[in-house]
Amino acid sequence: QGAFAILSTDDFDATEGRRGGFNSSVMLFDRDHAPLRHVLRSISRIGIDTVRSFVHRLDFWLEMTIAHADLLQDLFPGQL
């Protein structure tokens with residue numbers, strides 16, 4: 001599929017309390033995809049503590065910076 005896949009919060013209503021977001025517990029990505037590499041390197045460059053000073057969780061940062069993510073539950077229905 002695409003360059004980035006992540007869990008959706010849709011199947012985690014009891015723990016996430018919201019729908020339509022990301023859960024970063026499991027992620028698959030193409031490390032050679034330039035736009036994605038830029039986003040992931042920015043986290044590494046500025047540090048997770050800096051990211052957390054702006055957003056509460058990495059999931060929220062990914063939601064704001066990753067466009068067109070594939071959802072793992074769609075790629076592997078009934079398996080996660």
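**View 1. Order of helices and strands along the chain.** In this predicted model, the protein reads β-α-β-α-α-α-β-α along its sequence. Its radius of gyration is 13 Å, close to the 12 Å that the globule rule gives for 80 residues, so the protein is as compact as a globular protein of that length. The secondary structure amounts to five helices and three strands, and the C-alpha atoms fill a box of roughly 35 × 30 × 15 Å along the principal axes.

**View 2. Contacts and surface of the protein.** Where residues at least 6 apart in sequence are in contact, 54% of these contacts join residues at least 24 apart. Of the 80 residues, 31% count as buried, while the surface that the protein exposes comes to about 5,400 Å², with carbon and sulfur atoms supplying 52% of that area.

**View 3. Asn23 in strand 2.** Asn23 lies in strand 2, which spans residues 22-29. Its relative accessibility is 8%, and because buried means under 20%, Asn23 counts as buried. The side chain of Asn23 also makes a polar contact with the side chain of Ser25, at 2.7 Å.

**View 4. The buried residues of helix 4.** Helix 4 is formed by residues 58-65, and within it Asp59, Trp61 and Leu62 are buried. These residues lie on the same side of helix 4, because they cover an arc of only 160° around its axis.

Terms used: Residues numbered from 1 in each chain as written. Predicted model: local features only at pLDDT ≥ 70, side-chain atom pairs only at ≥ 80, totals over all residues. Heavy atoms only, no water. Helix = DSSP H or I, 4+ residues; strand = E, 2+ residues; numbered from the N terminus. Buried < 20%, exposed > 50% of the residue type's maximum accessible area, 1.4 Å probe, protein only. Polar contact = N/O pair within 3.5 Å; in protein donor to acceptor, adjacent residues only side chain to side chain. Arc of directions from axis to C-beta. Rg over C-alpha atoms; globule rule 2.2 N^0.38 Å. Contact = heavy atoms within 4.5 Å. Areas by Shrake-Rupley, 256 points an atom, 1.4 Å probe, with all protein chains shown as cover.
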